[in-house]
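This report describes the fold, the core and selected residue environments of one protein chain. Please consult the sequence and coordinates shown here alongside the text.

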Amino acid sequence: MKISSVNRKTEILETAAILFKKRGYSAVTMRDLATALGIKAASLYNHIDSKQQILSEIVLYLAREFTSGIKEIISKDQSNIEKLQSIIKQHVILTSSYMYEMAALNNDWMHLEEGLTEYLELRSEYENQFSLILQNGRESGELTYINEEVVLFSILSTLRNLYLWIPKKSELKQEDLVIALSETLLKGIVK
């Protein structure tokens, strides 16, 4: 049975993400990737142009998912607390689904050449939308007086590192994790 080029490309991206997490982007070569896939290095170039393209596709895919997700969250008719809970849920779901890719997003984005500008714009937009929810929550009286930058940094630091913790807690259900994180991360700021 012949593997379609779409499936092969997905397999290449997933395998690369695993290798990037284990060794770091800089230490992985196209030859390493080909070996892990059980193919010749030259065959990789039938599906992908470069290691840089692989990193760019992984990082930009997730950055776009997070940014479109927060735009959808902010547009909903919900309280700001519910929006914050939705952000936490989005992180848990995406991290659980893309653990290795999350490692690349967090650890290797700085190696981007292709797509660096787009990534930085998406990241900035995401953080601005998140800050807006915090500001609106403070102004509406849902949240205590907070330093939005400190809260943003604190919550995002935890959420961005879930990819390190979730694999160790396989018995924990996503819904339970969302509830526990919401209670823990928001307790100090909710009135």
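## Gln-90 and its surroundings

Gln-90 has a relative accessible area of 11%, and is therefore buried, the cut-off for that class being under 20%. The model discussed here is a predicted one. Gln-90 belongs to helix H5, which covers residues 80-97. Beyond its neighbours within four places in sequence, Gln-90 is in contact with Glu-65, Phe-66, Gly-69, Ile-70, Ile-73 and Tyr-126.

Ser-86 is also located in helix H5. With a relative accessible area of 19%, Ser-86 counts as buried, since the class requires a value under 20%. When neighbours within four places in sequence are set aside, Ser-86 is in contact with Ile-73 and Gln-78.

## Helix H5 as a whole

H5 comprises 18 residues, and the distance from its first C-alpha to its last is 26 Å, close to the 26 Å expected at 1.5 Å a residue. Its buried residues are Asn-80, Ile-81, Lys-83, Leu-84, Ser-86, Ile-87, Ile-88, Gln-90, His-91, Val-92, Leu-94 and Thr-95. The cover over these buried residues includes H4, helix H6 (99-107), H7, H8, H9 and H10.

## Aromatic pairs and a charge over a ring

Across the whole structure, a search finds 5 aromatic pairs. In the pair formed by Phe-66 and Tyr-126, the ring centres are 6.0 Å apart and the planes stand at 75°, so the arrangement is edge-to-face. This pair links distant parts of the chain: Phe-66 lies in helix H4 (residues 51-75) and Tyr-126 in helix H7 (residues 116-139), 60 residues apart.

Phe-66 is buried, at 5% relative accessibility. Tyr-126 is likewise buried, with a relative accessible area of 5%. Together with Phe-130, Phe-66 and Tyr-126 form one aromatic cluster. Both Phe-66 and Tyr-126 also appear among the contacts of Gln-90.

A ring also takes part in an arrangement with a charge. The charged end of Lys-51 sits over the ring of Tyr-25, at 4.2 Å from its centre.

## The largest nonpolar core

The largest nonpolar core contains 59 residues, of which Ile-54 and Phe-130 touch the most other members. H4 gives the most to this core, with 11 residues. Phe-130 is thus named both in this core and in the aromatic cluster with Phe-66 and Tyr-126.

Which residues does Ile-54 touch, not counting residues up to four places away in sequence? They are Ile-12, Leu-13, Ala-16, Phe-20, Met-30, Leu-33 and Ile-48.

## Ile-74 in helix H4

Ile-74 is placed in helix H4. Ile-74 and Ile-133 are separated by 59 residues in sequence, while their C-alpha atoms are 7.3 Å apart in space. Not counting residues up to four places away in sequence, Ile-74 touches Lys-83, Gln-129, Leu-132 and Ile-133. One of these, Lys-83, is listed among the buried residues of H5.

## The two sides of helix H8

Helix H8 (residues 148-160) has 13 residues and reaches 17 Å from its first C-alpha to its last, close to the 18 Å expected at 1.5 Å a residue. Which residues of H8 are buried? They are Glu-148, Val-151, Leu-152, Ile-155, Leu-156 and Leu-159. Around the axis these residues cover an arc of only 115°, and therefore they lie on the same side of H8. An α-helix has 3.6 residues a turn, so residues three or four places apart point the same way.

On the other side of H8, Glu-149 and Phe-153 are exposed. The buried residues of H8 pack against H5, H7, helix H9 (162-165) and helix H10 (174-186). H8 is in turn among the helices that cover the buried residues of H5.

## Overall fold

The protein chain has 10 helices and 0 strands. Its elements run α-α-α-α-α-α-α-α-α-α from the N terminus on. Along the principal axes, the C-alpha trace spans about 60 × 40 × 30 Å.

The protein chain has 191 residues, of which 42% count as buried. Among contacts in the protein chain with a separation of 6 or more, 73% are accounted for by residues 24 or more positions apart. The pair of Phe-66 and Tyr-126, 60 residues apart, offers an example of a link between distant parts of the chain.

Methods. Residues are numbered from 1 along each chain as its sequence is written. This is a predicted model: local features need pLDDT of at least 70, side-chain atom pairs count only at pLDDT 80 or more; totals for chains, interfaces and linings use all residues. Side-chain values use heavy atoms; hydrogens and water are left out. Helices (H or I, at least four residues) and strands (E, at least two) are DSSP runs, numbered from the N terminus. Buried means under 20% relative accessible area, exposed over 50%, partly exposed in between (1.4 Å probe, protein chains only). Contact means heavy atoms within 4.5 Å. Rings of Phe, Tyr and Trp (its six-membered ring) pair if their centres lie within 6.5 Å; planes under 30 degrees apart count as stacked, over 60 as edge-to-face and the rest as tilted. A charge sits over a ring if NZ of Lys or CZ of Arg is within 6 Å of the ring centre and within 35 degrees of the ring normal. A nonpolar core is a set of buried Ala, Val, Leu, Ile, Met, Phe, Trp, Tyr and Cys residues joined through side-chain atoms within 4.5 Å. The expected span of a helix is 1.5 Å times one less than its number of residues. The arc is that of the directions from the helix axis to the C-beta atoms.
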